[in-house]
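Here are a few short exercises to work through with the model open beside you. Try each task before you read its solution.

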Amino acid sequence: MATHKKYPALGRGLDALISTEEEVHTSGSSSINEVPVFKIKANPNQPRREFQPEALQELAESIRQIGIIQPITLRQMEDGTYQIIAGERRWRAAQLAGLTNIPAYIRTANDENVMQMALVENIQREDLNAIEIALAYQNLIEQYSLTQDKLSEKVGKNRATIANYLRLLKLPAQVQVALQNKEVDQGHARALLGLDKPSLQVKLFNEIREKGYSVRQVEEMVKALNNGETLKSGRHTLKSKTATKRLPEEYTELRNRLSERFSTKVQMTCSQQGKGKISIPFASEEELERIITLLDKI
């Protein structure tokens, strides 16, 4: 008899997500069942939304040659059909390959556990993009009234990780689409969240695609914008609306005193949040040495 090999899902395993309380039992997890393909239905709550046709065709060809290596996981419905918990991609490819039956593990689980198992199975295989993961987390939270802490326990992910995924859903739609299509990295997207204006997020996002900025560069640009600076990059001029048009009187006085002290035109920027930067320009190495000497004395 074939046995169901345990795969550690996020450090806990899929079995850890199935309640052992009386109302939820598991069955058939130690044997493989041949299930007619036509009796299997996709899970409407499946977190994965997109299946690349080329990749499905490649998997279908592999299935024609050597068959399905790992069984899919199903639950039996009241009408005698089966709903997919994990393995929809293999099921779709099996149909393309012309299979009439497919090997599967049969489980009994409630709707919430099905969603959790599908989510964890896909995360474990890294099949989901960042937006699909975020939407799946959001669906679990809303549908089952979970807190982020409770969800963290159920899927075995750090609460901060879940919160970071959920924050991605606050980005403008075109940034989310690009992230879903893997046109930008998740690091870029998280950096854009540092800007509080969607219009500015979109402008900087367009710059990222046009100029290929690294995540570190974007973080520096966001920091500069939040400090009230105006950035000229490519075809766009980026300026945070939180920037002040002129320095408060006390800051102007401080800037003038510093300019006198260093005998050069000291530059200062300051946002409404009190964040800013002081720059001391120099025209030559000799002038730099002079300024350093003054700083040493201070």
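**Exercise 1: two helices that touch**

Keep in mind throughout that this is a predicted model. Find which residues of H1 meet which residues of H2, then work out how the two helices are oriented.

*Solution.*
Step 1. Start with the partners: Ala-55, Leu-56, Gln-57, Leu-59, Ala-60, Ile-63 and Arg-64 of H1 meet Arg-89, Arg-90, Arg-92, Ala-93, Ala-94 and Leu-96 of H2.
Step 2. Sort them by class: this contact between H1 and H2 holds eight nonpolar, one polar and four charged residues.
Step 3. Now turn to the geometry. Two packed helices are described by the angle between their axes and the distance between the axes. Here the axes of H1 (residues 53-66) and H2 (residues 88-96) come within 8 Å and cross at roughly 70°.
Step 4. Because of that angle, H1 is roughly perpendicular to H2; the class covers 65 to 115 degrees.
Step 5. Add the hand: the crossing of H1 past H2 is right-handed.

**Exercise 2: an aromatic pair**

How many aromatic pairs does a search of the whole structure find? Say how the rings are arranged, and whether the residues are buried or exposed.

*Solution.*
Step 1. The search of the whole structure gives one aromatic pair.
Step 2. Its members are Tyr-137 and Tyr-165, with 5.9 Å centre to centre and 65° between the planes, an edge-to-face arrangement.
Step 3. Place them in the chain: Tyr-137 belongs to helix H4 (residues 130-143) and Tyr-165 to helix H6 (residues 159-167), so the pair links distant parts of the chain, 28 residues apart.
Step 4. Check accessibility against the cut-off for buried, which is under 20%. Tyr-137 has 0% relative accessibility and therefore counts as buried. Tyr-165, at 14%, counts as buried too.

**Exercise 3: positive phi outside glycine**

Where do Lys-182 and Ser-263 lie, and what is the phi of each?

*Solution.*
Step 1. Recall the background: most residues other than glycine have a negative phi.
Step 2. Look at Lys-182, whose phi is positive, near 60°. Lys-182 sits in the loop between helix H7 (173-180) and helix H8 (186-192).
Step 3. Do likewise for Ser-263, where phi is positive at about 55°. Ser-263 is in the loop between helix H11 (249-262) and strand S8 (267-270).
Step 4. Finish with accessibility, where exposed means over 50%. Lys-182 is exposed because its relative accessible area is 64%, and Ser-263 counts as exposed at 55%.

How values were computed: Residues numbered from 1 in each chain as written. Predicted model: local features only at pLDDT ≥ 70, side-chain atom pairs only at ≥ 80, totals over all residues. Heavy atoms only, no water. Axes fitted to C-alpha atoms, helices over the stretch in contact; angles between N-to-C directions. Helix = DSSP H or I, 4+ residues; strand = E, 2+ residues; numbered from the N terminus. Parallel < 35°, antiparallel > 145°, perpendicular 65-115°, else oblique. Left-handed = near helix turned anticlockwise from the far one by under 90°. Contact = heavy atoms within 4.5 Å. Nonpolar A, V, L, I, M, F, W, Y, C, P; charged D, E, K, R; others polar. Phe/Tyr/Trp six-rings, centres within 6.5 Å; stacked < 30°, edge-to-face > 60°. Buried < 20%, exposed > 50% of the residue type's maximum accessible area, 1.4 Å probe, protein only.
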